[in-house]
Amino acid sequence: MNKDKLKYIQDYGSLIALFVLIITIGIISPDFRTFGNFLSLLRQSAINGLIAFGMTAIILTGGIDLSVGSILALTSIICAHTIKMGLPAPIAMIVALIFGILLGLISGLMVTKSRLQPFIATLITMTGYRGITMILSGGRPISRLGDNIILNNIGKGSFIGIPIPVWILALFFILFLFILRSTILGRQIYATGSNSKAAELAGISINKVKLIVYATSGFMASLSGLILVSRLGSAQPTLGVGYELDAIAAVALGGTSMSGGRGKITGTLIGILIIAVLNNGLNIIGVSSYYQDVVKAFVIFLAVISDRNR
């Protein structure tokens with residue numbers, strides 16, 4: 001195989017893999033090909049997608065965030081508690097989003113000010129936030145959150161036949177695409193991950209950039225939590241367990257370098273869809289969840305090997 005063909009496969013391998021998956025599973029199971037199933041698949045992918053967009057920005061700077069699942073759970077419980085205290089649901093949702101930003105900032109401060117490795121810093125916050133979630137909730141779900149049109153529809157509603165979570169995912173995809181491609185902040189994110197010392201010498205405040213991306217990741221996790229609360233009708237302390245792994249997998253599958261400095265939000269979107277198609281298709285076919293994890297692990301392994309070759 002010549003170098004041009006190899007480069008083409010490496011650059012577009014995730015997109016090719018997505019189409020192969022869709023066609024293969026569609027042939028095996030007619031139920032997969034239905035319009036209703038595709039809408040369900042997209043609705044399910046919105047949760048992981050929003051988290052993965054925030055994760056992409058962090059990984060582009062050379063970091064990682066293991067705390068997103070715990071932030072999702074904690075802000076969901078905060079939202080439910082504030083509603084129970086008598087605050088209107090829209091205000092409770094705003095409070096939850098603000099807490100998401102603050103929780104993300106704490107991780108960012110541990111990385112920038114305490115000089116901890118991102119893996120260690122976010123492992124600490126992941127564990128701590130999960131513990132606080134259990135304390136606040138008493139380990140029990142918080143339900144009966146009332147009937148509010150915004151809270152109810154953010155996760156379960158539709159607009160012109162398309163689920164609202166899919167609209168939200170599309171909106172933030174466009175926003176992240178614009179920021180990373182066309183703004184000074186986007187160039188600073190890439191520069192920080194590519195060569196942080198050179199970026200600092202060029203006048204870029206790499207600590208400020210890292211704080212922004214960690215705060216953004218916290219916001220995206222809390223937004224995903226609100227969508228889940230809407231879908232479930234309750235806030236559960238076990239929400240978000242393992243979500244950070246699916247988000248990292250989507251970013252890796254999309255071709256973003258795990259060492260930072262290279263990647264695209266379009267690739268992350270493809271990675272999100274690959275994870276969603278795998279989960280949805282294997283469920284429809286009737287493959288055990290144990291085997292599903294093995295399949296996902298193998299796909300992620302191929303993505304990482306491809307990244308190293310690039």
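Start with the whole chain: of the contacts between residues at least 6 apart in sequence, 76% join residues at least 24 apart. Keep in mind that this is a predicted model.

**The whole protein**

Colour by secondary structure. The protein has 13 helices and four strands. Its radius of gyration is 19 Å, close to the 19 Å that the globule rule gives for 310 residues, so the protein is as compact as a globular protein of that length. Turn the C-alpha trace along its principal axes: the spans are about 65 × 55 × 35 Å.

Now show the surface. The accessible area is about 14,900 Å², and carbon and sulfur atoms hold 67% of that. Of the 310 residues, 49% count as buried. Select the charges next. There are 23 positive and 10 negative ones, and their mean positions lie 5 Å apart.

**Stop 1: helix α8**

Select residues 184-194, which form helix α8. Which of its residues are buried? They are Gly186, Ile189, Thr192 and Gly193. These residues cover an arc of only 125 degrees around the axis, which puts them on the same side of α8.

Look at what that side meets. The buried residues of α8 pack against α2 (35-60), α7 (164-182), α9 (196-201) and α10. Then rotate to the face turned away from the buried side. There you find the exposed residues Ile184, Arg187 and Ser194.

**Stop 2: Ser224 in α10**

Move to helix α10, residues 206-232, and pick Ser224. Is Ser224 buried or exposed? Ser224 is buried, with a relative accessible area of 0%. Show its surroundings. Leaving out residues up to four places away in sequence, Ser224 touches Ile47, Leu50, Ile51 and Leu72.

**Stop 3: Ala235 in β4**

Select strand β4, residues 234-235; Ala235 is in it. Ala235 has 0% relative accessibility and counts as buried. What does Ala235 touch, apart from residues up to four places away in sequence? The list is Ser76, Ile77, Ala80, Pro141, Ile142 and Val229.

Draw a distance from Ala235 to Ile162. The two are 73 residues apart along the chain, and their C-alpha atoms are separated by 24 Å.

**Stop 4: helix α11**

Go on to residues 243-253, helix α11. How many of its eleven residues are buried? Eight are, and the helix is mostly covered. Select them as a set: Glu244, Ala247, Ile248, Ala249, Ala250, Val251, Ala252 and Leu253. Gly255 follows α11, and its phi is positive, near 95 degrees.

**Stop 5: two loop residues with positive phi**

Most residues other than glycine have a negative phi. Two exceptions deserve a look.

Pick Arg144 first. Arg144 lies in the loop between β1 (142-143) and α6 (149-156). Its phi is positive, near 55 degrees. Arg144 is exposed, at 76% relative accessible area.

Then pick Ile160. Where does Ile160 lie? Ile160 is in the loop between β2 (158-159) and β3 (162-163). Its phi is near 45 degrees, again a positive value in a residue other than glycine. Is Ile160 buried or exposed? Ile160 is exposed, with a relative accessible area of 65%.

**Last view**

Show Ser224, Ala235, Arg144 and Ile160 together. Ser224 is buried at 0%, and Ala235 is buried at 0% too. Arg144 is exposed at 76%, and Ile160 is exposed at 65%.

Key. Residues numbered from 1 in each chain as written. Predicted model: local features only at pLDDT ≥ 70, side-chain atom pairs only at ≥ 80, totals over all residues. Heavy atoms only, no water. Helix = DSSP H or I, 4+ residues; strand = E, 2+ residues; numbered from the N terminus. Rg over C-alpha atoms; globule rule 2.2 N^0.38 Å. Buried < 20%, exposed > 50% of the residue type's maximum accessible area, 1.4 Å probe, protein only. Contact = heavy atoms within 4.5 Å. Areas by Shrake-Rupley, 256 points an atom, 1.4 Å probe, with all protein chains shown as cover. Lys, Arg positive; Asp, Glu negative; His and termini not counted. Charge placed at Lys NZ, Arg CZ, Asp CG, Glu CD. Arc of directions from axis to C-beta.
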